[in-house]
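Trainee: Please take me closely through a single part of this structure, and then place it beside a few other parts. I am new to it and would welcome a connected account.

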Amino acid sequence: MERVLDGRPNPHAPVGDGGDGPAWSRKRPPYEPPTRERRRSAVPYAELHAHSAFSFLDGASLPEEMAQEAARLDLKALALTDHDGFYGVVRFAEAAKELGLPTVFGAELSLGGQGNTEDSTHLLVLARGQEGYRRLSRQMAAAHLSGGTPKDRKGKPRYDLDALTEAAGGHWHILTGCRKGHVRRALAASGPDMAEKALADLVGRFGADRVSIELSRHGHPDDDERNAALAALAPRFGIGVIATTAAHFARPENGRLAMAMAAVRARKSLDDAAGWLDPVGGAHLRSGDEMARLFSHCPEVVTAAAELGEACAFDLRLIAPQLPPFDVPSGHTENSWLRQLALDGAERRYGPRAGAQKAYAQIEHELDVIAQLNFPGYFLVVHDITQFCRRSDILCQGRGSAANSAVCYALGVTNVDPVANGLLFERFLSPARDGPPDIDIDIESDEREQAIQYVYNKYGRQYAAQVANVITYRGRMAVRDMAKALGFAQGQQDAWSKQLGHWGGVSDAAEVDGIPEQVIHLAQEIKNFPRHMGIHSGGMVICDRPLADVVPVEWARMENRSVLQWDKDDCAAVGLVKFDLLGLGMLSALHYCIDLVRDHKGIAVDLAHIDLKEQAVYEMLARADSVGVFQVESRAQMATLPRLKPKCFYDLVVEVALIRPGPIQGGSVHPYIRRYNKIDPVLFDHPSMEAALRKTLGVPLFQEQLMQLAVDVAGFSPAESDQLRRAMGSKRSPERMEQLRSRFYEGMRNLHGITDELADRIYEKLYAFANFGFPESHAQSFASLVFYSSWFKLHHPAAFCAALLRAQPMGFYSPQSLVADARRHGVTVHGPDANASLSYATLENAGLEVRIGLGVVRHIGDELAQAIVEERKTNGPFASLLDLTGRIQLSTAQVEALATGGALGCFGMSRREALWVAGAAAGQRPDRLPGVGVSSRIPELPPMGEVTQAAADVWATGVTPDAYPTQFLRGRLDELGVVPAKGLFDVPDGARVLVAGAVTHRQRPATAAGVTFINLEDETGMVNVVCSVGLWARHRKLAVTAQALIIRGQVQNASGAISVVADQLRPLDLRVRSSSRDFR
């Protein structure tokens, strides 16, 4: 962007995803087949038993890789038969469609109720068409959701063989399967007679025309004998025989990884697991010609597989369920009820129609588009969820492109007025859109579970479920598991995994120094493979028919959560309607702030009535005094705030959007700040661009601006402008892009006479910008939270600190840093107290001081802490330690933790005295006679010194409430010439200094070209340290592992934001444990 603003030619354009999310949202890119030469096979063959990496440690290739190899080998079809699920079928179907590969869908069911273990019996099922798929999906869902508690059931589906028999109905084809199948297991255990009985049972259940014997060759000595025995059974029942490879990976070179994964699954090393691993790693995909050679004595079983594959193959064209009909009052349709709610809301938001004709006209236009696209139910569902939150006193707000909608604003779903802010509705929804709108609802994180359970209860678990998140192998986990597979000791596995940072990973040579090559090689192969399924941060799907008709549902590990077997990209590909109920910690913190200020200061705060023009708030932010403030507390934001010097609310909107990967990578940051500070002039290539770009000083930042430019410069309709935005951000629509490009040039010429070089320059600017622009509506929504949190930090710093502590985990800073910042703002912070603390942080002394909660004390936790508080409320304060342990059952470790953290000081005991009697006091329990096991006297013990007490505080609570560890070393640091953090303001730009402190963060943003940022904190403040690639390589081990550092470097403060460019790192022993938050 910096280049195009200066009018320099374009060598390359950045790549975006063309989607609706903020810049550089993570979205699985469309599958693109490789240009690999295909092998032609003279013998037709289909592989009907294949596992992908979504068999979780039982498959060593991704579904796309399996499809690629099958197409290369000229297979007539490929069946994906992962264990107990359809986890990978969407990715498989997308790849197969591009490759022209016929697809068969099935699963290998693990009978026995314990999941895929060595003792389970397998039933391999192939779906014959869409109805077979639906029935199989339903049965897998029922098995996953049946019996026991959700925690017990996870990964342990419980199938009923009789129910499977009844469900099949001729729509499944059964293969006898692998060594764990009924027939082969019986053959291995008891010989041909028992194998015949097992086969008779399958044929009796599913029919002779729906069962086939499966033969495979993996290089075992008994392959021929076993296959002959199995084949001999077929004529007795009149059933077919087919060949398979029972493939667990695509190509022969994946065999070593497959064996390593199998060893990890068995919790053994490769050596210990060698007895049951395939001796030559032969379970890879093979061509028809190769299979014909392996089965030269009976080649008909190879062609039989191809015939069965063609009979079972179908495209995964699932009919996506619709939303369930919304329950509307009598006499209304969904459209009329939405109109009623929107107009009632408009009356509240805008007043009478006569005084806000533009807003009402916009609402009418949006309602017409919503009705045309048949989406009223979607808006009614979202409105219903937000109304539930408000009835339940839960803070929530819609964000993202939904804030472009006047209907959403009128309904109270969003809090940004799109009419007043000139936001384009078509950025959110347009007639040309090929799917439902996307409304993200931010809900205070501590109460979000209520909203999730409300959806489950309203629509039922059969019709509502959460979207999955695929947890993939990253560097550390990959190294640990592969080292385990290779037989290295537990301690060595941990040491090597900790050696990796959060950035370079196993591909970074400096990170893996000293780790054996074979570990690194396997770790690189397994990187990004699925490890297990988690829960998406907030996505929920609601349907008008059972979800299991489309995809199995299973229990999540979290209580009362059921989850699909697909992630958000799978759901989007199939057309499932998703609602995002996102937990936002800052909304919880703001709610706690409101409650604390009301309860302790008697002040009622209404966020809607806070003055967004208050200059004191902007002055605080201009000083980068933003620790704990929403969105602007990061290193990059704190470095930008003094340069931008925000003076009004829109400056916060820009600040939120500016420090994002897209604008940073696109080079928009520096041009905007230079123009904002009147260093560079504000220029426009053509007067028609001024209306769209005036408020951002000629530097395009927002996606809505691109759309407005298309309208103003080329005469596009708003709907056409959204098509242009999407096409420019996508690599998949060159034909459509060329049509729109011609239309854009024609519009410029006809409307404004813009041609030639100027037309090229304008188009290039839009194209470069389209790939990283941020939605203004999203920035507007977040900017209000920036201001609210800043307002509380300025006016009620104690309440702000207590609220942030209660809302943990959230934000950029640890509780230790939040408490230290509050102290620097004059707030007194007290440690936990058995008679004064609540379970969470609260206020004392008329709301001016913070008291840390009992729940953060080691070994205590929220549940026990709440029990202590309830007992105190019911039966009065605790008179002594024995009174406490006599009324609340505590273990020795719990009493010791309370003593170490100073929570027993209210009983007139020092920490060491309390520790002395902790064990005996823990023996005094509510169910025992008083006085049993209690020590008769406490010897005189010296009090803890300052450093020891600080270390005790950190051990017990993670926080030193009245000190910071560096202050105990200040004398020594002064002798070394170390400059305190606050002293850097007086150091001239370019001076060389020593700084020191605890490491609170390490960051290496993707936009920083390998530069790593370290944040140091001392008792006076924080220092941002810049580490070059070379410096990091020289000091890598120290930089990654040190809890505290002394750093020599050069001060940079010419722009008002202070940082130190490091040239040397040295360790610093604080004698008090600290930990950092290291971000990927």
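Mentor: Two residues are said to be in contact, or to touch, when heavy atoms of theirs lie within 4.5 Å of each other. The model is a predicted one, and the part chosen for the close look is the surroundings of Leu818.

Leu818 belongs to helix α36, which spans residues 815-824. Its relative accessible area is 7%, and because buried means under 20%, Leu818 counts as buried. Setting aside residues up to four places away in sequence, Leu818 touches Val627, Gly628, Cys801, Leu804, Gln808 and Tyr813. One of these partners, Cys801, is 17 residues from Leu818 along the chain, and the C-alpha atoms of the two are separated by 6.6 Å.

Cys801 leads to helix α35, in which it is one of the buried residues. Helix α35 covers residues 797-806, and eight of its 10 residues are buried, so the helix is largely enclosed by the rest of the structure. The buried residues are Ala798, Ala799, Phe800, Cys801, Ala802, Ala803, Leu804 and Leu805. Leu804, like Cys801, thus appears both in this buried set and among the partners of Leu818. The elements against which the buried residues of α35 pack are the helices α23 (585-601), α34 (776-795) and α36 (815-824), together with the strands β16 (842-844) and β17 (849-851).

Helix α21, residues 517-526, offers a second case to set beside this one. Its buried residues are Val519, Ile520, Leu522, Ala523 and Ile526. An α-helix has 3.6 residues a turn, so residues three or four places apart point the same way. The buried residues of α21 pack against α10 (255-265), α19 (475-485) and α20 (490-499). Of these pairings, the one with α10 can be followed in detail. The axes of α10 and α21 come within 10 Å and cross at roughly 90°, which makes α10 roughly perpendicular to α21. On the α10 side the meeting residues are Arg256, Leu257, Ala260 and Met261, and on the α21 side they are Leu522, Glu525 and Ile526. Five residues of this contact are nonpolar, none is polar and two are charged. Just beyond the end of α21, Asn528 adopts a positive phi of about 75°.

A further pair of helices can be described in a similar way. Helix α26 (residues 649-658) and helix α28 (residues 669-676) have axes that come within 11 Å and cross at roughly 160°. The two helices are therefore roughly antiparallel, and the crossing is left-handed. Asp651, Val654 and Leu658 of α26 meet Val669, Tyr672, Ile673 and Tyr676 of α28. Here the contact comprises six nonpolar residues, no polar ones and one charged residue.

Two single residues complete the account. Thr900 lies in helix α39, residues 892-900, and with a relative accessibility of 10% it counts as buried. Its side chain reaches the backbone oxygen of Glu896 at 2.7 Å. Not counting residues up to four places away in sequence, Thr900 touches Arg911, Leu915, Ala952, Trp955 and Ala956. Pro33, by contrast, sits in the loop between α1 (2-5) and β1 (46-47) and is partly exposed at 34% relative accessibility. Apart from neighbours within four places in sequence, Pro33 is in contact with Glu98 and Leu99.

Note on methods:
Residues numbered from 1 in each chain as written. Predicted model: local features only at pLDDT ≥ 70, side-chain atom pairs only at ≥ 80, totals over all residues. Heavy atoms only, no water. Helix = DSSP H or I, 4+ residues; strand = E, 2+ residues; numbered from the N terminus. Buried < 20%, exposed > 50% of the residue type's maximum accessible area, 1.4 Å probe, protein only. Polar contact = N/O pair within 3.5 Å; in protein donor to acceptor, adjacent residues only side chain to side chain. Axes fitted to C-alpha atoms, helices over the stretch in contact; angles between N-to-C directions. Parallel < 35°, antiparallel > 145°, perpendicular 65-115°, else oblique. Left-handed = near helix turned anticlockwise from the far one by under 90°. Nonpolar A, V, L, I, M, F, W, Y, C, P; charged D, E, K, R; others polar.
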